Structures are given as C-alpha cells and as structure tokens.
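Colleague: I would like to go through the terms used for this model and hear what each one rests on. Please show me the structure before we start.

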Amino acid sequence: MSEVRKIAVLPGDGIGPEVMPVAVAALRTALQRQGVYLETEEGLIGGCAIDAAGGPLPAETQELCAAADAVLLGAVGGPKWEALPMQQRPEKGLLGLRSGLQLFANLRPALLFAPLADASSLKPALVSGLDILIVRELTGGIYFGEPRGVFLENNERVGVNTYRYSEHEIERIARVAFDLAGKRRRRLCSVDKANVLEATDLWRQVVSGLASEYPEVALSHMYVDNAGMQLVRAPKQFDVIVTGNMFGDILSDVAAMLTGSLGMLPSASLAADGFGLYEPVHGSAPDIAGQDRANPLATVLSAAMLCRYSLNLPGAAAALEGAVDAVLRQGLRTADIAAEGQGVELVGTQAMGEALLAALESSAGGEAP
Ligand code: NAD
C-alpha cells in the first residue's frame, strides 16, 4: 500500500470551484508519480459557507483543516455578500482560518516562466529567469498592534496604529527565511526602516543576531524605500527577502507585477510545525466566474508549494512546475496571459487542465523551469 497524504480542499467562491478541480487533478497525478496516494476532503469557506451554514468559517471546516496534512484553498468573496457587515463577510472566514491555524509566515514567490517574459511591465532582460521569494510576517506588526483606533484629542480626531514586534516574533520569521534561503541561492535580504522606526531597528538587531547560526547564508539589510526601488530597477539581485507584515504586503504586490499576471501567482502561509495553507494570490474574480475563462495555474503552483513545504515532496513540486512550464511552452494561454499577436492558442480553464495532465503524464513534464 502506498503512502497516503490528506489534504483539506476549500474551493470557496467565484472561480475557486473552477480552478480547484484542475489543481487537485494535477496534484493527484504528481503525487501518484511519487508513489503517494492523495486523499481529499472538501469543506466550505467564504460566501458559499455563509449561504449553506450561516457563517464564513463553519466549525466543520476548521476541524477538517486541523486534521489534514495541509490545506488548499481557492478564493472567497463576491458581490452577493458585499452588503454584509464587516464581521460577517466571506473574507473573515479566511482571516479566521489563518489566525486559528497560527499561520505566521507568508511565502510569496515571484517566479517568471520564460514563455511569459513579455507579460511583465519591465523589459524582458531585467526579468527573464526571475526567481524571488518574499517571506512576510503575517500575524503581527502594525496590522495588529495595540493601541489602535481613531480617538478624540483636543477637539480633533487622531488616528492611531502601533508598529509592534517582539523578539520572538522576529526570530521565528527570520528563522523561516534563513532556512529557505539555505535551500535556494543562499542570499537573504532583510527589509526594514531602521533609520526611522525603533521597532524595525530591533528587527534588524534580532535578524543580525541569528546570522552566525546560518553561516552558509549571506545576510544583507535594506531600507524599505530602497527595496521598492531596487525591485523595479534590478529585481534579479534578490533571492529571499524577509520583512514585516505591512512592508511585505506592499513589496510582494510590487514583486508580483514583475511576473505579469495575477493568474500565475501562488502563495503559502505556514505555521511553526510546517503545516500550511496554500492559495492563489488572486481573488474570486466574479467578473469571469462560471465562464471557463479562469487561469488555474496559480492554484496549480500553490499545490506545488504544498508538495515542497508541507509534504516534503520536492519531486512532486518540480513535476507540477515543470508541467506548467510545458503547457506555456506549447503556447497555451488563458485570456489573462495571452498577449496579442503572439501566435499563442487561447484556451479555457478545463482545456488548460487537460493539457497539464497530459504534460504531467509525459516524461517532458518532469523538470522545473
Ligand atoms: P480578483 O483577484 O478576484 O480579480 C482582479 C482581476 O483579475 C479581475 O479582472 C479578474 O477577472 C482577474 N483575475 C483574477 N484571478 C484570475 C485568474 N485566475 N484568471 C484570470 N483572471 C483572473 O480581485 P477583486 O476583483 O478585487 O476581488 C473580487 C473578490 O475576491 C472580492 O470579493 C474580494 O474581496 C475577493 N478577494 C479574495 C481574495 C482571497 O480569497 N484570497 C483575495 C483578493 C480578493
């Protein structure tokens, strides 16, 4: 009997239920090639959970995720639920799941597949071969620090948020980043604003203090304003970037655009024990939902990250990434990545899925780009 891995599958709303079957089928095939049997169980999250169970994150979904080896999620939200009060919205389901599972490390790769070099807003020479990993702290910093709010002071309103990190929070995200850099090109750039913000000066001190434990990794530091500039000036200078919640939020979106399309961007959110939630960066795309137009590749690449980081099956991850590269090299494009006049073949979600399976099943689909 082969090894079994259990994945909680949460398709969610909009295009989520369209891209998820493609990703699950590809994941199943990639794992089979490694002698691993994939067991999946579906759960509700977001708008569909509100409709069926009265809230965006039913207890059964939380139990299902806690009992799985990892979670693969599509997207949540849509116009149908936008009028609901903030606390009852679909997005609260996702936030609740992230905090409930203590997913403090957000990994956002910016990897440019060679056939898509023209899709970037930068010149192909600047981005071809781009492979950056941004490690963003996800559960602390200014998005969560207290005190926060809008207060009355001397007869006027004052808005307050607090940039706050404790040493242990900095240390645990830095260790994730050092470990990842050690498995890649062994360069880690820590991004802060230590010249202005004391909290980020502490960040710099704590990260620097760990460097001697990772002698194989070359650590550098950069102020966030310069990092933004360098990402668009010469992005290939970076390997792994580690930073706090707010700076990571902004820089990961900048890095994302270097690769061209939302439909290509995966992400992982990890807990201390390696447990992870994997999801495409894009939302539920209500404007194209139900039309077989969604690009499933971001979800497939999220499944590849799941293999690499939670299942410790780098061969399956490479097979999935290789299959994505193969279908792009065949010229297949969903509408979001089909630049005009390029002699490419426009395909829908399902046809892209079939091509991926064919690439995975042929020996050509075995190598990463
Ligand atoms: P979106 O990412 O859903 O869509 C932005 C644009 O990109 C749209 O034109 C859409 O058609 C296109 N797009 C996105 N993914 C695509 C794909 N895979 N293939 C082809 N085209 C794709 O962002 P939005 O329109 O701002 O938000 C729509 C809904 O999604 C909202 O309810 C929002 O709250 C929610 N949302 C959810 C998540 C999540 O689940 N993590 C993230 C962002 C937004």
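Colleague: What makes the pair formed by an oxygen atom of the ligand and Gly78 a polar contact?

Modeller: This is a predicted model, to begin with. In it, an oxygen atom of the ligand is 3.1 Å from a polar backbone atom of Gly78. A polar contact is a pair of N or O atoms within 3.5 Å, so the pair counts.

Colleague: Which other backbone atoms meet the ligand in this way?

Modeller: A polar backbone atom of Ser284 is 3.1 Å from an oxygen atom of the ligand. A nitrogen atom of the ligand is 2.9 Å from a polar backbone atom of Asn295. These two values are also within 3.5 Å, so both pairs are polar contacts.

Colleague: How many residues surround the ligand?

Modeller: The count is 20, and the closest are Glu91, Gly283, Ala285, Asp287 and Asn295. A residue is included if one of its heavy atoms lies within 4 Å of the ligand.

Colleague: Why are H6 and H7 called oblique to each other?

Modeller: The axes of H6 (residues 167-182) and H7 (residues 198-210) cross at roughly 50° and come within 9 Å. Roughly parallel needs an angle under 35 degrees, and roughly perpendicular runs from 65 to 115. The angle of roughly 50° fits neither class, nor is it over 145, so the helices are oblique. Their crossing is right-handed.

Colleague: Which residues make that contact, and how do they divide by class?

Modeller: H6 contributes Glu167, Ile170, Glu171, Ile173, Ala174, Arg175 and Phe178, while H7 contributes Leu202, Trp203, Val206, Val207 and Leu210. Nine are nonpolar, three are charged and none is polar.

Colleague: What makes H8 roughly parallel to H9?

Modeller: H8 (residues 224-233) and H9 (residues 245-258) pack at an angle of about 10°, with their axes 10 Å apart. That angle is under 35 degrees, so H8 is roughly parallel to H9. Val224, Ala227, Gly228, Leu231 and Val232 of H8 make the contact with Phe247, Leu251, Val254, Ala255 and Leu258 of H9.

Colleague: Why does the class count for H8 and H9 include one polar residue?

Modeller: The contact has nine nonpolar, one polar and no charged residues. Gly counts as polar, so Gly228 of H8 is that residue.

Colleague: How do you know that H1 is roughly parallel to H12?

Modeller: The axes of H1 (residues 16-32) and H12 (residues 349-361) cross at roughly 5° and come within 10 Å. The angle is under 35 degrees, so H1 is roughly parallel to H12. By class, their contact has eight nonpolar, three polar and two charged residues.

Colleague: What is the omega of the bond between Glu146 and Pro147?

Modeller: Omega is about 0°, and the peptide bond is cis. Pro147 is found in strand S6 (residues 145-153).

Colleague: What sets Gln102 apart in its backbone?

Modeller: Gln102 is not a glycine, yet has a positive phi of about 55°. Gln102 lies in the loop between helix H4 (90-100) and strand S4 (105-111).

Technical notes
Residues numbered from 1 in each chain as written. Predicted model: local features only at pLDDT ≥ 70, side-chain atom pairs only at ≥ 80, totals over all residues. Heavy atoms only, no water. Axes fitted to C-alpha atoms, helices over the stretch in contact; angles between N-to-C directions. Helix = DSSP H or I, 4+ residues; strand = E, 2+ residues; numbered from the N terminus. Left-handed = near helix turned anticlockwise from the far one by under 90°. Contact = heavy atoms within 4.5 Å. Polar contact = N/O pair within 3.5 Å; in protein donor to acceptor, adjacent residues only side chain to side chain.
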